[in-house]
Amino acid sequence: MSNIPDTLLYTSSHEWVEVLSDGTARVGITDHAQELLGDMVYVEVPEVGDEVKSGEECAVVESVKAASDVYSPISGVVVAVNENLAENPGLVNGDPYSDGWIMRIKIADEGELEELFDAESYQDVINEDDH
Amino acid sequence: MPFIPHTEQDVAEMLDAIGVDSIEALFDEIPAELRVKGVLNIPDGMNEMAVARLMRERAAGDATGLNFIGAGAYEHHIPQAVWDITTRGEFYSAYTPYQAEASQGTLQVLYEYQTMIASLNGLDVSNASLYDGASALAEAVLMAVRAHRKSKSKRILMPSTVHPAYRAVVQAVVKNQGIEIVELPFCAETGATLVAELKQYEGQDITALVIPQPNFFGVLEDVDGLTDWAATNNAIAIAVVNPLSLALLKAPGQWGQSGVDIACGEGQPLGIPLTSGGPYLGFICCKQQHVRQLPGRIIGRTVDLDGKPGFALTLQAREQHIRRSKATSNICTNQGLMVTAATIFMSLMGAEGLERAAAQSISNTQLLADKLCAINGVERVFTGVNFHEVALRLPQPVDAVLAALADKGIYGGCALASYYPGLSDCITVCATETKSGADLAAYATALNEVLAA
Amino acid sequence: MSKLIFEQSRPNRTAGAQLAKAVAVTGIPAALRRTTRPLLPEVSELQVVRHYTRLSQKNFSIDTQFYPLGSCTMKYNPRVCNAVALQPGFAGRHPYAPDSSGQGLLASLFDLQQLLKEVTGMKEVSLTPAAGAQGEFAGVAMIRAYHDSRNDTARSEIIVPDAAHGTNPATAVMCGYKVKEIPTKGDGDIDIDALKAAVGPQTAGIMLTNPSTVGVFERNIKQIAKIVHDAGGLLYYDGANLNAILGKVRPGDMGFDVIHMNLHKTFSTPHGGGGPGAGPVGVSERLVPFLPIPMVTKEGDNYRWLSEQDRPQSIGRLSAFNGNIGVLIRAYVYALMLGREGMERVAEYATLNANYLAAELRRVGFELAYPERRATHEFIVTLKKEAKQFNATAMDFAKRLLDYGFHAPTTYFPLLVPECLLIEPTETESKDVLDGFVAALAMIRAEAEQNVDELKGAPYTLPSRRLDDVRAARELDLTWKGETTAS
């Protein structure tokens with residue numbers, strides 16, 4: 001069973017979102033996603049200042065046998081990226097919800113957050129996939 | 001049956017195991033109306049003796065003359081050991097090293113190749129080769145577009161002194177991807193690209209600048225000035241170089257203040273026979289920061305379960321079999337056998353062997369040019385410094401002169417007319433280390449006779 | 001690993017017999033000269049010969065092992081083909097030498113063009129693409145050039161089955177197209193309803209392999225051709241699996257407009273540890289003007305290259321010179337030896353071997369991915385049962401096979417079949433070899449049942465144990481940097 005914290009929001013494409021108090025949100029991939037992909041060998045992060053749109057590709061996570069696009073859960077401007085991933089992509093495996101975060105986005109439209117899943121609905125998404 | 005080992009009894013037992021009564025029955029899922037009707041219009045098979053004889057006769061009449069053509073493919077001495085070892089069945093009949101444990105030989109060769117070619121170019125990393133020099137340049141251009149994330153123009157500056165066929169290939173490969181190739185003129189006096197001509201592009205969004213060394217006329221370019229221009233104007237610098245020349249010439253990684261980003265070129269001078277144009281091998285090297293944009297196979301050293309060093313394909317997630325429509329390129333294989341030959345060649349020659357072959361080629365070409373220019377009406381086209389190739393102007397129509405030389409057993413050079421209309425009376429000539437003093441004299445004598453006739 | 005060649009280097013040692021006479025270099029400005037030597041080994045000729053001979057012995061190859069790599073057609077590469085190609089008249093000829101100096105070569109290439117036209121049912125053939133992927137590129141570029149020439153520029157999509165080789169979508173994108181994937185049905189054929197829904201005025205073409213990548217013949221090919229043609233699209237044939245149908249059915253007769261062939265598969269030129277290959281393209285009438293140059297033509301008794309002047313609408317050149325001539329010569333020699341009857345037997349015996357191997361593996365308890373279908377020249381075994389029961393994966397079986405002296409089949413392709421082995425025995429293997437392979441796989445299955453941990457440690461008898469791919473990708477070590485290693 002993979003870990004799905006109650007405090008976060010999720011997408012059907014297995015990204016998580018943590019809304020912070022300063023109007024930004026941290027984004028990464030879920031524990032379930034990292035389990036499917038296996039040992040991460042590279043994470044291609046966007047550049048600070050890039051504009052990202054909800055549902056569009058914004059990063060790539062690479063394991064030995066797969067490369068998977070990360071889709072931005074929300075629209076906004078990238079205000080920070082996790083520089084540590086360059087040296088240590090395994091953070092995404094070891095700690096997907098904190099040290100393995102990918103980017104922080106200045107939220108452009110709070111309304112988009114309502115489209116995202118809570119932990120319980122995301123668990124249903126995973127169950128569906130496994131089916 | 002050639003190469004099919006089955007006896008009648010084998011076939012009977014096999015059909016029995018499958019549960020059908022004829023081989024024909026195995027094709028029953030192919031709609032009948034699509035099946036080949038009648039017999040194919042193909043000759044009867046030949047045995048090895050007959051085919052060897054036919055092909056011996058065909059080869060015997062070919063390429064009987066002395067070759068003084070360069071133009072991107074160079075006739076160098078190839079040590080006998082190179083192809084003796086390269087065509088060992090274990091190299092010759094192996095496939096891409098997908099099962100690393102069963103391919104450590106090929107993988108180690110490729111790792112050694114990557115080390116040698118990266119070092120020749122003065123850059124950090126190399127892939128395991130591409131098809132040829134022209135396709136390597138096309139891939140380098142695509143790579144530059146991917147690597148330069150801030151540049152939106154997809155404009156590439158391409159000197160017209162780059163091999164004309166390379167420019168044609170780049171055009172054919174990139175034209176459907178919204179990439180614009182802007183050709184730069186050369187100096188009519190020196191035969192080199194003019195750095196001053198670049199001034200008009202300053203302040204514009206230029207994705208990359210291609211820098212040939214030596215260029216198609218055999219002339220040496222101001223590689224430091226061009227590389228610095230690229231750096232100052234935020235363009236990726238792409239070198240396209242002759243690897244043998246790098247034994248003597250400054251490595252692309254050392255050009256200008258900070259070196260080029262990508263270097264590519266034709267590996268044929270490293271032990272690959274001319275064979276009318278292929279198979280050769282393209283090489284491509286780059287700075288570490290661009291490694292994930294490199295196309296094609298890359299070999300890495302790692303450890304096995306016991307912690308012992310070994311080799312494996314790596315960075316495969318960039319490639320088509322995983323990344324599919326988002327791959328760096330559609331290329332699958334490299335030119336493995338050619339790389340094997342090139343690696344053995346470089347090992348046998350060493351730095352000193354390459355230096356000597358290059359120096360002797362420069363010297364022979366200078367001697368040849370001097371001899372030919374002593375003939376009335378023959379002159380050097382450019383004043384720039386030459387490597388092992390030189391452009392000459394002839395006093396009579398080029399095609400007729402080259403044809404007459406060929407009749408005398410001399411392949412006299414590459415006519416420039418179809419590539420450079422302004423140079424319709426010019427050829428390039430090249431005399432590598434394979435040419436003796438007598439060979440050079442034979443060319444001069446023949447040209448003298450042809451022009452006097 | 002063996003000591004690297006660099007680690008055997010000693011200052012000032014040379015392979016002296018290979019050195020040209022030393023001459024001074026004059027006239028090159030110091031600013032353009034190299035100041036430090038490149039990292040090349042300083043070794044004797046014997047050291048080089050011994051080192052690379054020993055490295056060769058660490059490879060599996062067709063000459064030494066059964067190599068049933070699916071989709072790769074690892075058949076015997078006749079030695080005579082190599083000897084012919086290395087003759088001085090062929091190997092020593094410069095690409096820009098006059099056509100008069102290459103009539104023997106050009107005659108051979110012209111004959112090869114004719115022969116490939118005949119076996120594929122296409123109108124004309126260009127030999128120039130250097131590999132299958134370059135042939136694919138040429139093919140899709142021709143589809144684009146064709147639509148563009150008719151000002152039919154709204155066609156923006158190439159349809160590709162989900163089971164296709166990765167090169168197909170990658171190639172479509174290189175030609176500026178978007179890729180639309182369509183599903184494969186449970187019986188291995190394409191989902192016709194999905195195809196009907198996918199085609200439209202935006203369809204430039206479809207890329208198909210037939211027999212498909214799942215090892216079965218696409219039975220609805222005529223209907224597929226009609227659907228795509230009716231929508232104004234063209235059909236591209238990926239020749240990866242041509243070995244299965246040589247002399248039996250021709251892509252041209254199936255309705256394909258453009259095809260590429262992998263001569264390193266069907267026509268038995270060496271794979272060389274990953275190239276060089278050759279990927280000639282053939283086209284139907286309407287695509288002839290767009291074929292890549294150069295091609296060979298015959299005028300009277302003379303042969304010559306066709307160039308831009310002859311073919312102004314050509315998609316252009318794909319390599320600096322003429323393509324992989326040395327590979328084409330080898331393929332031509334092979335084709336001459338087979339002749340008409342031999343050509344037909346290729347498909348027959350490749351298919352016989354594949355179906356026999358499939359039947360035998362099924363008999364000893366393996367599950368076929370498409371048990372209701374006839375195998376073509378290859379077939380798929382799925383190990384999902386073994387994965388579940390014993391926790392033994394396709395990778396574990398593949399690695400253990402190496403210990404038994406067999407190269408592994410293709411693993412994990414096509415992606416839509418779980419834990420799959422794609423097995424292609426080719427026509428040049430004998431029944432004895434196939435029986436040995438079946439016995440080995442059956443033994444490995446028994447090992448998996450008894451002690452899966454031991455299986456997961458395989459291989460045990462090769463130069464390396466299982467290699468750490470994750471480390472290879474995380475801690476990139478792509479060139480030797482001067483440190484020494486234990487041997």
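Two strands pair if DSSP finds at least two bridges between them. The exercises below use this on a predicted model.

**Exercise 1. Strand β6 of chain B**

Task: Find the sense in which β5(B) and β6(B) pair, name the bridge partner of B:Ile211, and decide how β6(B) is covered.

Solution:
- Step 1. Strand β5 (residues 208–213) of chain B joins β6(B) through six bridges, in the parallel sense.
- Step 2. Within β6(B), B:Ala239 is the bridge partner of B:Ile211.
- Step 3. In a regular strand the side chains alternate between the two faces of the sheet. The two faces can therefore be examined separately.
- Step 4. One side of β6(B) carries B:Ile236, B:Ile238 and B:Val240, and the other carries B:Ala237, B:Ala239 and B:Val241; all are buried, so both faces are covered.
- Step 5. The count for strand β6 (residues 236–241) of chain B is six buried residues of six.

**Exercise 2. An open sheet in chain B**

Task: Give the order of the four strands in the open sheet of chain B, and say which strands stand at its edges.

Solution:
- Step 1. The order is β11-β12-β15-β14 (chain B), and the pairing is antiparallel.
- Step 2. β11 (379–380) and β14 (414–415) of chain B each have a single partner strand, so they stand at the edges with one side lacking a neighbour in the sheet.
- Step 3. β11(B) is linked to strand β12 (residues 390–393) of chain B by two bridges in the antiparallel sense. B:Arg380 has B:Leu392 in β12(B) as its bridge partner.
- Step 4. Helix α10 (residues 336–373) of chain B lies across β11, β12 and β15 (426–429) of chain B, and runs at about 5 degrees to β12(B).

**Exercise 3. Helix α10 of chain B at the contact with chain C**

Task: State how many residues each chain gives to the contact between chains B and C, then describe how α10(B) packs with α1(C).

Solution:
- Step 1. Chain B gives 166 residues and chain C gives 173 residues.
- Step 2. On the side of chain B that touches chain C, α10(B) supplies the largest share, 19 residues. By class, that side of chain B has 88 nonpolar, 50 polar and 28 charged residues.
- Step 3. Two packed helices are described by the angle between their axes and the distance between the axes.
- Step 4. For α10(B) and helix α1 (residues 45–56) of chain C, the angle is about 155 degrees and the axes are 9 Å apart.
- Step 5. Angles over 145 degrees count as roughly antiparallel, and α10(B) and α1(C) are therefore roughly antiparallel to each other.
- Step 6. Their crossing is right-handed.
- Step 7. B:Ile344, B:Ser347 and B:Leu348 from α10(B) meet C:Glu45, C:Val48 and C:Tyr52 from α1(C). This contact has four nonpolar, one polar and one charged residues.

**Exercise 4. Two partners of helix α11 in chain C**

Task: Describe the packing of α11(C) with α4(C) and with α14(C).

Solution:
- Step 1. Helix α4 (residues 103–120) of chain C packs on helix α11 (residues 325–363) of chain C at about 45 degrees, the axes being 10 Å apart. At that angle α4(C) is oblique to α11(C).
- Step 2. The crossing of α4(C) and α11(C) is left-handed.
- Step 3. Residues of α4(C) in this contact include C:Leu109, C:Leu112 and C:Leu115, and those of α11(C) include C:Leu328, C:Tyr332 and C:Met343. The contact comprises ten nonpolar residues, one polar and one charged.
- Step 4. The axes of α11(C) and helix α14 (residues 431–450) of chain C come within 10 Å, crossing at roughly 30 degrees. α11(C) is thus roughly parallel to α14(C).
- Step 5. The crossing of α11(C) and α14(C) is right-handed.
- Step 6. C:Asn353, C:Tyr356, C:Leu357, C:Glu360 and C:Leu361 of α11(C) meet C:Leu434, C:Val438 and C:Leu441 of α14(C). Six of these residues are nonpolar, one is polar and one is charged.

**Exercise 5. Two aspartates of chain C**

Task: Classify C:Asp396 and C:Asp477 as buried, partly exposed or exposed, and list their contacts beyond four places in sequence.

Solution:
- Step 1. The cut-off for buried is 20 or more other C-beta atoms within 10 Å, and for exposed 12 or fewer.
- Step 2. C:Asp396, in helix α13 (residues 394–403) of chain C, has 25 such atoms and is therefore buried.
- Step 3. C:Asp396 touches C:Leu455, C:Lys456 and C:Ala458.
- Step 4. C:Asp477, in the segment after α16 (469–474) of chain C, has 17 such atoms and is therefore partly exposed.
- Step 5. C:Asp477 is in contact with B:Gly300 and B:Arg301.

Terms used: Residues are numbered from 1 along each chain as its sequence is written. Chains are lettered from A and ligands numbered from 1 in the order in which they are written. This is a predicted model: local features need pLDDT of at least 70, side-chain atom pairs count only at pLDDT 80 or more; totals for chains, interfaces and linings use all residues. Two residues are in contact if their C-beta atoms, placed from the backbone, lie within 7 Å. Axes are lines fitted to C-alpha atoms, for helices over the stretch in contact, and angles run from 0 to 180 degrees between N-to-C directions. Ala, Val, Leu, Ile, Met, Phe, Trp, Tyr, Cys and Pro count as nonpolar, Asp, Glu, Lys and Arg as charged, and the others, Gly among them, as polar. Angles under 35 degrees count as roughly parallel, over 145 as roughly antiparallel, 65 to 115 as roughly perpendicular and the rest as oblique. A crossing is left-handed if the near helix is turned anticlockwise from the far one by less than a right angle, and right-handed if clockwise.
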